[in-house]
Amino acid sequence: HVLCTENLRWVLLPISKKYADEVPFKRYGHTAIAYGKKIYIWGGRNDEIACNVLYCFDTENNCWSMPDVTGSVPSARDGHSACLHGYYMYIFGGFEEDEDTFSQDVFALDLEQMSWSY
């Protein structure tokens, strides 16, 4: 959905069959940041599984993608925080699904190179 800021009404965007496999599943506990004309969503969970896949929504083409990333990808988690500084998305903490514990780790994603670092 997209909120029209002129009339304050929500509009449902149709999902192209071409990109249907790259639409993120419904989730909570994720983070989202805006960089350029794209929105990046990372982490979160539903009632069955946590996620460590990066999703990108292109606001010019109104389509989703899953960018290829390299480096030290953080483990699946929810409840973390994220911020943008320069061209880096930083994530901190969260509940790590695999370890069944709360994290105090900081990871950075270089949004130009699509590379994670611890």
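**Entry 1: the β13–β14 hairpin**

I started at the hairpin of β13 and β14, where 4 residues sit between the strands and Met114 takes a positive phi near 55 degrees. For strands and helices I went by DSSP runs, E of at least two residues for a strand and H or I of at least four for a helix, numbered from the N terminus. I kept in mind that this is a predicted model, in which local features need pLDDT of at least 70, side-chain atom pairs count only at pLDDT 80 or more, and totals for chains, interfaces and linings use all residues. Residues are numbered from 1 along each chain as its sequence is written, and side-chain values use heavy atoms, with hydrogens and water left out.

Next I looked up the pairing (two strands pair if DSSP finds at least two bridges between them). I found 3 bridges joining β13 to β14 (residues 115–117), and the two run antiparallel. Asp110 stands opposite Ser115 in β14.

**Entry 2: the sheet around β13**

Which strands share a sheet with β13? I read the order as β7-β14-β13-β10-β9, an open sheet of 5 strands with mixed pairing. The edges are β7 (70–71) and β9 (81–85); each has a single partner strand, so one side of each has no neighbour in the sheet.

On the β10 side, I noted 5 bridges to β13, again with an antiparallel run. Tyr88 faces Asp110 in β13, and Phe92 stands opposite Val106. I also checked burial (buried is under 20% relative accessible area, exposed over 50%, partly exposed in between, with a 1.4 Å probe and protein chains only). In β13, 4 of the 5 residues are buried.

**Entry 3: the nonpolar cores**

I then looked for nonpolar cores, meaning sets of buried Ala, Val, Leu, Ile, Met, Phe, Trp, Tyr and Cys residues joined through side-chain atoms within 4.5 Å. The largest has 12 residues, including Trp42, Met89, Ile91, Phe107, Leu109 and my hairpin residue Met114. Two or more of its residues come from each of β4 (38–42), β5 (54–58), β10 (88–92) and β13 (106–110). Apart from this core lies another, of 5 residues, with Ile41, Cys51, Phe57 and Trp64 among them.

What does Trp42 touch, leaving aside its neighbours within four places in sequence? I listed its contacts (heavy atoms within 4.5 Å), and they include Leu54, Met89, Ile91 and Trp116, along with His30, Pro74, Arg77 and His80.

**Entry 4: the three-stranded sheet**

I moved on to another open sheet, in which 3 strands follow the order β8-β11-β12 with antiparallel pairing. Here β8 (77–78) and β12 (101–102) are the edges; each has a single partner strand, so one side of each is left without a neighbour in the sheet. I found 2 bridges from β8 to β11 (residues 95–96), and Asp78 has Phe95 as its bridge partner in β11.

**Entry 5: positive phi in two loops**

As a reminder to myself, most residues other than glycine have a negative phi. Leu8 is not a glycine, yet its phi is positive, about 55 degrees. I placed Leu8 in the loop between β1 (2–4) and β2 (9–11), exposed at a relative accessible area of 64%.

Asp100 also has a positive phi of about 55 degrees. Asp100 belongs to the loop between β11 and β12. Is Asp100 buried or exposed? I noted 59% relative accessibility, which counts as exposed.
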